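Reader: I'm in my first year and still learning how to look at a structure like this one. Could you pick one part, take a close look at it with me, and then show me how the rest can be read in the same way?

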Amino acid sequence: MPRPKLAVWKFTSCDGCQLTLLDCEDELLGLAGQVEIAHFLEASRAVSPGPYDISLVEGSVSTPDEAERIRHIREVSRTLVVIGACATSGGIQALRNFADVAEFRSIVYATPHHVRTLARSTPISAHVPVDFELRGCPIDKHQLLEVRTAFLVGREPNIPRHSVCFECKARGATCVMAADGIPCLGPVTQAGCGAICPAFRRGCFGCFGPVDSPADAAVNVAALADRLRAMGMSEDDIVRVFRTFNAAAPAFADATGGVR
Amino acid sequence: MTHRNDRSLRVGALSRVEGEGAMHVRVRNGEVADVQLEIYEPPRFFEALLRGRSYLEPPDITARICGICPVAYQMSACQAIEDACEVSVDERIQALRRLLYCGEWIESHVLHIYLLHAPDFLGYQSAIEMAADHRDLVERGLALKKLGNDIMEVIGGRAIHPINVKVGGFFRAPAPAELRPLGERLLQARDAAIETVQWVAGFDFPDFHHDHEMLAMTTPGRYPIESGSLISTGGLAFPASAFEDHVVEEQVPHSTALHAHLVNRDHYLVGPAARYTLNSASLSPMAREVAHDAGLGEQERNPFRGIIVRAVEVVYAIDEALRLIDGYQPPAPAAIEVPPHAGVGYGITEAPRGVLYHRYELDAAGLVTSAKIVPPTSQNQASIEHDLTEFVSTRLSLPDDQLQWECEQAIRNYDPCISCSAHFLDFTVERS
């Protein structure tokens with residue numbers, strides 16, 4: 001039986017999520033035996049044509065060419081898994097969604113009309129149907145390996161949808177908000193990182209985006225914003241804390257007055 | 001196919017680089033008319049989106065410019081903001097930053113040596129293909145890379161976009177006992193790093209030299225990483241605050257990365273070869289010895305031999321990490337207080353790929369009113385194009401597929417990080 005064909009695609013991003021695959025140092029050569037790495041430009045010159053059994057897509061859609069390209073990739077991919085905050089919510093570059101992209105462009109480029117870009121940076125799911133979304137800025141290596149295993153054997157990935165608070169308790173970390181009065185997005189942020197920040201005496205800053213239950217997220221984000229206010233954070237600070245790597249995820253965007 | 005007077009060669013999507021780019025070569029009447037590195041990495045407008053952000057945010061936000069060298073962005077950002085706020089961190093915080101940065105040098109350099117560049121020299125499409133014949137070599141590289149990542153995880157919380165760095169220092173200083181196991185592994189890894197230098201020094205290198213001006217940092221008594229001022233092979237010497245007096249960036253139509261050159265001078269190079277050429281006397285004794293045994297002279301001007309310099313810098317980063325762990329005293333507190341302050345601040349550090357410059361202007365409330373970031377790849381882009389023009393000129397008799405591979409290899413010499421610079425490769429040779 002031929003090995004399943006794996007393709008890795010990059011859109012607007014920092015390369016960090018596809019690098020996570022190369023950071024699986026102990027598993028990389030084994031993985032290369034289980035699948036045919038058919039398209040992975042960061043790692044290989046060799047490219048074999050589709051269709052592909054699994055496509056991993058990193059990055060958001062931010063240019064007209066990308067909007068075209070993702071449709072083609074969907075057509076040639078049996079399973080499409082999107083990885084990271086850019087691909088699942090639009091990424092840090094979605095801060096343009098709250099501003100005027102023409103102004104952004106003219107701040108960075110002397111002749112802005114040479115630069116083709118869209119007014120909004122959007123997740124892959126805004127353009128094509130997606131089979132699975134793996135959160136994180138960056139994604140977690142162990143979650144990536146779990147997704148790989150699940151799709152290779154044909155089962156649902158075991159990826160928790162609860163908040164970082166669960167992981168924080170499981171890790172035995174002290175609550176930074178209760179103990180030290182440090183603002184923390186853990187109660188509304190999806191688990192997956194292993195609650196790294198609280199373990200370093202830092203509040204969670206939302207790399208994995210809002211918990212994947214729109215109703216819970218909306219209620220809890222509003223309640224957390226009230227709590228942050230009560231802790232003395234200014235309205236501007238509250239807007240900034242929700243507007244980072246998952247700024248355009250609906251539950252976070254709504255909490256800050258929505259996109260432009 | 002060969003010996004045509006006019007042709008056009010286009011590499012549509014460069015592989016084994018970080019980011020997206022293409023290369024286009026135009027040949028007319030048997031001579032190279034034009035070489036373009038087309039960077040089509042979509043712009044993300046970091047310098048614009050930083051406006052109005054708190055002065056405490058740039059280390060986390062700018063880390064997202066590059067997943068391969070986030071620590072470089074965090075370190076240049078912290079330095080620039082602390083400069084604007086007129087504070088300086090103490091020696092212990094400085095030492096822990098340097099140790100974290102050593103982890104990134106090891107991870108990034110080993111990734112480039114083993115997974116991105118060595119396959120070119122040995123004729124493989126990828127390291128994974130190379131592993132079929134040389135599994136032990138690839139495993140040696142992966143183990144070294146993992147050690148770099150583990151240093152970043154222990155100090156930074158995670159390897160990609162570490163969370164423990166803040167303006168003023170760290171959220172939590174690791175206990176000496178947390179660093180000790182890394183020291184033991186570093187001692188063992190030192191042999192693997194020395195073997196790496198010996199391995200890559202045995203590759204076949206094309207006879208090719210450039211005469212670009214080279215720019216790197218210099219640090220009294222140490223090889224430059226996280227602090228220092230700038231010097232060049234052309235006699236320039238200036239601090240971070242004078243960077244924009246000496247370097248100008250301009251937009252070129254074929255790239256979303258801005259091209260930099262030196263004022264009243266020409267294109268120039270940053271990166272491992274520049275650092276080595278300007279600072280080899282400051283390497284650790286072991287790194288100096290292996291560099292000498294590998295045939296590196298006082299200067300290194302063959303870009304293909306950059307892989308040897310990178311391997312020597314891995315030996316250095318291991319030695320330096322060992323020294324820093326040996327003398328480690330946890331900073332207490334882990335971070336100094338940095339009250340907001342209106343002003344302009346400048347930061348430069350040596351990212352794995354070369355000088356990374358940040359400038360921030362802050363208002364009295366600590367909001368960023370303007371930001372400027374000049375990454376290494378946009379500084380090198382004009383020199384890379386210059387090299388390619390020369391390189392292709394001597395190889396026009398090659399068939400397109402061979403010429404393409406050699407050009408890709410020539411580009412990978414500089415370990416271009418395109419996600420950083422767009423602010424690469426689709427290869428075309430147009431023999432029109």
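Author: Happy to! Let's make chain B our part, starting with how far to trust it: its pLDDT averages 91, and 93% of its residues score at least 70. Keep in mind throughout that this is a predicted model. For the complex, the predictor gives an ipTM of 0.96 and a pTM of 0.95. One stretch of chain B calls for caution, since pLDDT stays under 50 over residues 422-427. Even so, the model has 66 contacts for that stretch beyond four places in sequence.

Now for the close look, beginning with a pair of helices. Find helix 12, residues 376-393 of chain B, and helix 13, residues 400-412 of chain B. Their axes come within 10 Å and cross at roughly 145 degrees. The crossing of helix 12 of chain B with helix 13 of chain B is right-handed. Which residues of the two helices meet? From helix 12 of chain B come B:I384, B:L388, B:F391 and B:V392, and from helix 13 of chain B come B:L403, B:E406, B:C407, B:A410 and B:I411. Sorted by class, this contact between helix 12 and helix 13 of chain B has eight nonpolar residues, one charged residue and no polar ones.

Carry on past helix 13 and you reach B:D415, in the loop between helix 13 and helix 14 (418-421) of chain B. Its phi is near 45 degrees, a positive value in a residue other than glycine. Is B:D415 buried or exposed? At 2% relative accessibility, B:D415 counts as buried.

Another helix worth a look is helix 9 of chain B, residues 272-279. Six of its eight residues are buried, so this helix is largely enclosed by the rest of the structure. The buried residues are B:P272, B:A274, B:R275, B:Y276, B:T277 and B:N279.

Next, move to helix 4 of chain B, residues 91-122, and pick out B:E104. With a relative accessible area of 0%, B:E104 is buried, because the cut-off for that word is under 20%. What does B:E104 touch, not counting residues up to four places away in sequence? Its contacts are B:I68, B:C69, B:P70, B:V71, B:A72, B:H109, B:M152 and B:P352. By contrast with that list of contacts, the C-alpha atoms of B:E104 and B:I373 are separated by 19 Å, and the two residues are 269 residues apart along the chain.

B:F170 sits in strand 5 of chain B, residues 169-170. B:F170 is buried too, with a relative accessible area of 1%. Leaving aside neighbours within four places in sequence, its contacts include B:I93, B:L96, B:R97 and B:L100, and also among them are B:A334 and B:A335. Take B:R97: it is 73 residues from B:F170 in sequence, yet the two are 8.7 Å apart in space, C-alpha to C-alpha.

Chain B also has a cis peptide bond, which joins B:A332 and B:P333 with omega at about 0 degrees. B:P333 is in the loop between helix 11 (306-326) and strand 12 (343-351) of chain B.

To finish, let's step across to chain A. Where does A:E25 lie? A:E25 is in the loop between helix 1 (16-22) and helix 2 (28-34) of chain A. Its side chain makes a polar contact of 2.9 Å with the side chain of B:K145. Beyond its neighbours within four places in sequence, A:E25 is in contact with A:K141 and with B:L142, B:K145, B:K146 and B:N149. A:E25 is buried, at a relative accessible area of 6%.

You can read other spots in chain A in the same way. A:D15 lies in the loop between strand 1 (5-10) and helix 1 of chain A. A:D15 has a positive phi of about 80 degrees although it is not a glycine, and at 0% relative accessibility it counts as buried. A cis peptide bond joins A:G50 and A:P51, with omega about 0 degrees. A:P51 is in the loop between strand 2 (36-40) and strand 3 (52-58) of chain A. As for confidence, chain A averages a pLDDT of 92, with 97% of the residues scoring at least 70.

Conventions
Residues numbered from 1 in each chain as written. Chains lettered and ligands numbered in written order. Heavy atoms only, no water. Buried < 20%, exposed > 50% of the residue type's maximum accessible area, 1.4 Å probe, protein only. Helix = DSSP H or I, 4+ residues; strand = E, 2+ residues; numbered from the N terminus. Axes fitted to C-alpha atoms, helices over the stretch in contact; angles between N-to-C directions. Left-handed = near helix turned anticlockwise from the far one by under 90°. Contact = heavy atoms within 4.5 Å. Nonpolar A, V, L, I, M, F, W, Y, C, P; charged D, E, K, R; others polar. Polar contact = N/O pair within 3.5 Å; in protein donor to acceptor, adjacent residues only side chain to side chain. pLDDT = per-residue confidence, 0-100.
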